[in-house]
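Trainee: Could we go through this model together, one question at a time? I would like the cut-offs spelled out as we go.

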Amino acid sequence: MINRTLVVAGAVCATLTLSGCEQVRGLIGGGGEPKGQVVATVDGEEITALELRAELGNFSARDPAVIKAAQQQALQRIILRKLLAKAARDEKLDKSSDYTIQVGRGQETLLAQLYQRKLASKVAQPTEAEITAFITDNPNQFENRKVLFVDQVIAAPNQIPPEQLRPLKSLAEVKALLDREGIRYQDNAVALDTLTANPALVRGVMGLPPGEVFVIPQGGALLFNHVASSRDAPLRGDAAKAYATNMLRQQKAGQTVQKQVESLRKAAEDKIQYNAAYKPAPEKKPAAAPEKKTPATEEGASAAPGTAATPSP
């Protein structure tokens, strides 16, 4: 039976063209370069075009040469990852408890992200009225948008008392203080776009007197900032509507996901059992507001016109 099969295969190859014979070899287990959806193989393991697209993520470019270079970089990352994974399996690292825990954690994280993404994808498009209101309510991001050119002094972690910072009016004074205190620092410069910056930060900066230094704590470090100059860059028309639409969708998506997560957590409360040593402390209920008394019920209570009562501690 074996000899007959080999003879038949050989006869088929003899009657076909070279390309046809290669196809038969592929069907009965022969080699050949990867084709079609298979972009490469590593020790026989296929890497598909779908894997390559996933590795590229949302990357896009108009220049074919740039796309090709990005594909090559992504493909080499996949190849290296597969080689390292094989080496790890050869060392039996896939049998360790750490591997099992990390795989489970990774799968749960991915599933959670996919679920949140699905929830977010169902959010309705903002209405024209919502878009117009958003643009009107956020003038610093649209009509009054500016690009602020900020000089910075970044001080190493320190505990400078706030009362020493309040009188400072310039970065030169800041540096003098840091020199006296023996605190290391470095100069920096950034551009702050009010379109994308934290709205609360923008409102605070825009409300400062011209040339005022403002401080942003970062961990134990201090970031001293001075707006050296600015440039108007209003965002109007279709560009403003597109940006507002995207921002509103993100906000709605975040609210939808948060609401669903809270609902899931609340619904599962009676299904969660804790080891006594790890049971979280009960939530403290907010203290009830003291009952307001009317002048008729307050014996001997009196207040001068125009003064406010100070509640007792």
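Mentor: Happily, and we begin with a definition: helices (H or I, at least four residues) and strands (E, at least two) are DSSP runs, numbered from the N terminus. This is a predicted model, where local features need pLDDT of at least 70 and side-chain atom pairs count only at pLDDT 80 or more, while totals for chains, interfaces and linings use all residues. Residues are numbered from 1 along each chain as its sequence is written, and side-chain values use heavy atoms, with hydrogens and water left out.

Trainee: How many helices and strands does the secondary structure of the protein come to?
Mentor: Counting the DSSP runs just defined gives the secondary structure of the protein. The total is 10 helices and 6 strands.

Trainee: What share of the residues in the protein is buried?
Mentor: Buried means under 20% relative accessible area, exposed over 50%, and partly exposed in between (1.4 Å probe, protein chains only). Of the 313 residues in the protein, the buried share is 20%.

Trainee: In what order do the 4 strands of the open sheet run?
Mentor: Two strands pair if DSSP finds at least two bridges between them. The pairing in this sheet is antiparallel, and the edge strands, each pairing on one side only, are β4 and β5 (213-218). From one strand to the next the twist averages 30 degrees. The order is β4-β3-β6-β5.

Trainee: Which residue in β6 stands opposite Leu-148?
Mentor: Strand β3 (residues 146-155) and strand β6 (residues 221-232) are antiparallel partners over 10 bridges. Opposite Leu-148 in β6 stands Ser-230.

Trainee: Which helix packs on the sheet, touching β3, β4, β5 and β6?
Mentor: Contact means heavy atoms within 4.5 Å. Axes are lines fitted to C-alpha atoms, for helices over the stretch in contact, and angles run from 0 to 180 degrees between N-to-C directions. The direction of the helix in question makes about 15 degrees with that of β3, and this helix, residues 171-181, is α8.

Trainee: Thr-194 caught my eye; is this residue buried or exposed?
Mentor: Thr-194 sits in the loop between β4 (185-193) and α9 (199-206). Not counting residues up to four places away in sequence, Thr-194 touches several residues, among them Asn-144, Leu-148 and Val-202. Its relative accessible area is 2%, so Thr-194 is buried.

Trainee: At what distance does the side chain of Thr-194 reach the backbone oxygen of Asn-140?
Mentor: A polar contact is a pair of N or O atoms within 3.5 Å; within protein, one must be able to donate a hydrogen and the other to accept it, and residues adjacent in sequence count only if both atoms are side-chain atoms. A polar atom of the Thr-194 side chain also lies 2.9 Å from the backbone nitrogen of Lys-146. For the backbone oxygen of Asn-140, the distance is 2.6 Å.

Trainee: How are α3 and α4 oriented relative to each other?
Mentor: The axes of α3 (residues 49-56) and α4 (residues 64-90) come within 9 Å and cross at roughly 105 degrees. Angles under 35 degrees count as roughly parallel, over 145 as roughly antiparallel, 65 to 115 as roughly perpendicular and the rest as oblique. Therefore α3 and α4 are roughly perpendicular.

Trainee: How many nonpolar residues does the contact of α3 with α4 have?
Mentor: Ala, Val, Leu, Ile, Met, Phe, Trp, Tyr, Cys and Pro count as nonpolar, Asp, Glu, Lys and Arg as charged, and the others, Gly among them, as polar. The contact includes Leu-52 and Leu-56 of α3 and Ala-74 and Ile-78 of α4. Alongside 1 polar and 5 charged residues, the nonpolar number is 6.

Trainee: Which residues does Ala-74 contact, leaving aside its neighbours within four places in sequence?
Mentor: Ala-74 is in helix α4 and is buried, with a relative accessible area of 0%. Its contacts are Leu-52, Glu-55 and Leu-56.

Trainee: What phi does Asp-43 take?
Mentor: Asp-43 is in the loop between β1 and β2, and at 67% relative accessibility it counts as exposed. Most residues other than glycine have a negative phi. Asp-43 is not a glycine, yet its phi is positive, at about 55 degrees.
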